[in-house]
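Below are some notes on the model, set out as numbered points. They cover a few buried residues, the cores, two helices and the internal cavity.

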Amino acid sequence: VSALEALAAALPPGAVVTDPAVLADYRQDRALDPDAATPLAVVLAERTADVQAAVRWAAEHRIPVVPRGAGSGLSGGATAVEGGIVVSTERMRGVAIDPTTRMAVVQPGLLNAELKREAARLGLWYPPDPASFEFCSIGGNVATNAGGLCCVKYGVTTDYVLGLEVVLSDGTAVRLGGDRLKDVAGLSLVKLFVGSEGTLGIITEITLRLLPAAPPSRTVSAWFDSTAEAGAAILEIASAIRPSMLEYMDHLSIDAVEDELALGLDREAAAWVIARSDEQDPEGREVRIMLDAFARHGARVSEAPGEEGERLAHARRIAIPSVEKRGRLLLSDVGVAIPRLADLIAGVEAIAAEHRVEIAFIAHAGDGNTHPLVLVGDGDPDHERRAHVAYGEIMSLAIRLGGTITGEHGVGKLKRPWLADQVGDDVIALTQRIKDALDPLGILNPGTIFEAPPKGTTHAR
Ligand SMILES: Cc1cc2nc3c(=O)[nH]c(=O)nc-3n(C[C@H](O)[C@H](O)[C@H](O)COP(=O)(O)OP(=O)(O)OC[C@H]3O[C@@H](n4cnc5c(N)ncnc54)[C@H](O)[C@@H]3O)c2cc1C
């Protein structure tokens, strides 16, 4: 019996896919890494036991396993690896909500939007809202500790995770945390797995806290002729209040979105900031503070009532796909403390000019988390080389500014070369010890966060 036949025998009929046409769809995530491999097989798990069977088989045969949610990741964390399988959770879509405790127990493949909808039916709200919320999974959100637009006020994924079921690299399933709002028994292992990008275990169930329904919010839109003034206004607002959204788009991204939506966005503006307040104050104190700060920094400001505010937030959410239509992107996810945001914006502009590449710049500005999108060009090798140099320089710039190479997308496979520069060799060594303890064979998502073990050692087939 071949190894793949043994895998199929260990799983329900139809769970193991080897059709080359289907495998092609599981090579890449949205980072679209051209170096992605074709997996040996894709396991379409429906329950924890399926994930356990796949991982046990992989451990026995020393075969790499790439966990995959909805494949919307932007760091190559779900990119298939040579000689490995992909374990997809897309069929694991269960959700049960307890309105009494305001908690949800979900399977990892449930889409973020599906959870939001289920919660809303019961008058509840799951806040974390990646711009990709309609097509990313909760498991992927937990594995990357995803952020989003309202996270500036409501926190990121980890702030909502109370418990996990995780399949470890030997196939055992452990339960960590649970439906307790407070629980400090033992090490914070839930936190260890949140953001571990499929390198320490496969998450098969998640217990999440929910909030009462989202309060209504007011939206303010500000157009700037100067990116530096936009940065200064953002700092002023972030230090005065906690807006429920504070997002930034530059000239290039405004232009790309306007091509898509024709909303009448100001293509001439150097920068656009969209801000929200959901403070329930009849005087509208926060809105006034935002309007004043924007005006003081020379912006043309207006309030966008009701549906118009929603249209503007949507415009921000589709910025990445809109810029993507102009060509392949190298997506950065660098972040800095908000007082350094204007320096980061200026530094990225300088990098674009020096290397003669276009870099669109969007940001969850209130979190200091930015996405410079480097356009790779149309196949000219010199342009492509310059784009890669610019991409690396953006990460070095963020590190020099005391920031991070990734605020929410994860290190994945694409940012690993810069990780040690940010965290230092001692932290890399500590992280590796944790990895070795939890995944001694190195089969879980090799090449993501950690360097892949050398060929012919642990992964010998
Ligand atoms: C247009 C666009 C906008 C985006 N906006 C945002 C944003 O605002 N904020 C943000 O944070 N991200 C954003 N993203 C990135 C992406 O949507 C998030 O990283 C999301 O959390 C990935 O979820 P996924 O289900 O698609 O995961 P995948 O891409 O399938 O996987 C992501 C990582 O998680 C691992 N993984 C997935 N499921 C599991 C599991 N069950 N157990 C263990 N590991 C697992 C994978 O191995 C991989 O390392 C955006 C992406 C796009 C395309």
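1. This is a predicted model. Ala233 has a relative accessible area of 0%, so it is buried, the cut-off being under 20%. The residue sits in helix α8, which runs over residues 227-240.

2. What does Ala233 touch, not counting residues up to four places away in sequence? Its partners are Phe224, Ala293, Phe294 and His297. For His297, 64 residues away along the chain, the C-alpha separation from Ala233 is 6.1 Å.

3. Two of those partners, Phe224 and Phe294, also appear in the list of residues with the most contacts inside the largest nonpolar core, along with Tyr248 and Ile359. That core has 49 residues. Helix α14 (residues 381-400) supplies its largest share, seven residues. Apart from this core lies another, of 28 residues, including Trp125, Leu176, Leu208 and Leu210.

4. Tyr248 has a long contact list once residues up to four places away in sequence are set aside. It comprises Thr227, Ala230, Ile234, Ala271, Trp272, Val273, Arg316, Ile345, Phe361, Ile362, Ala363 and Ala365.

5. Met249 belongs to strand β13 (residues 245-250). Is Met249 buried or exposed? Its relative accessibility is 0%, so it counts as buried. Beyond neighbours within four places in sequence, Met249 is in contact with Ile254, Val257, Ala270, Ala271, Trp272, Ala315, Arg316, Ala319, Phe361 and Ile362. Ala9 lies 240 residues from Met249 in sequence, and their C-alpha atoms are 51 Å apart.

6. Helix α14 has 20 residues, and from first C-alpha to last it reaches 29 Å; the expected value at 1.5 Å a residue is 28 Å, which is close. Buried residues in α14 are His383, Arg386, Ala387, Ala390, Tyr391, Gly392, Ile394, Met395, Leu397 and Ala398. In an α-helix there are 3.6 residues a turn, so positions three or four places apart point the same way. The elements covering the buried residues of α14 include the strands β16 (329-331), β17 (359-364) and β18 (369-375). The helices α13 (341-355) and α15 (416-423) are also part of that cover.

7. Helix α3 (residues 48-61) has 14 residues and should span 20 Å at 1.5 Å a residue; its end C-alpha atoms are 20 Å apart, in agreement. How many of its residues are buried? The count is 10 of the 14, so α3 is largely enclosed by the rest of the structure. The buried set is Thr48, Asp50, Val51, Gln52, Ala53, Ala54, Val55, Trp57, Ala58 and Ala59. Just after α3, Arg62 has a positive phi of about 55°.

8. On internal voids, there is one cavity of 30 Å³ or more. The largest cavity has a volume of about 30 Å³. Its lining consists of Arg218, Ser277, Glu279, Gly284, Arg285, Glu286 and Val287. By type, the lining residues are four charged, two polar and one nonpolar. Helix α10 (residues 285-296) gives the most to this lining, with three residues.

Conventions
Residues numbered from 1 in each chain as written. Predicted model: local features only at pLDDT ≥ 70, side-chain atom pairs only at ≥ 80, totals over all residues. Heavy atoms only, no water. Core = buried A, V, L, I, M, F, W, Y, C linked by side-chain atoms within 4.5 Å. Buried < 20%, exposed > 50% of the residue type's maximum accessible area, 1.4 Å probe, protein only. Helix = DSSP H or I, 4+ residues; strand = E, 2+ residues; numbered from the N terminus. Contact = heavy atoms within 4.5 Å. 1 Å grid on protein atoms, 1.4 Å probe; cavity = no way out; pocket = protein on both sides within 12 Å on 5 of 7 lines; lining within 4 Å. Points joined across faces, edges and corners; volume = space filled by probe spheres on them. Nonpolar A, V, L, I, M, F, W, Y, C, P; charged D, E, K, R; others polar. Expected span 1.5 Å × (residues − 1).
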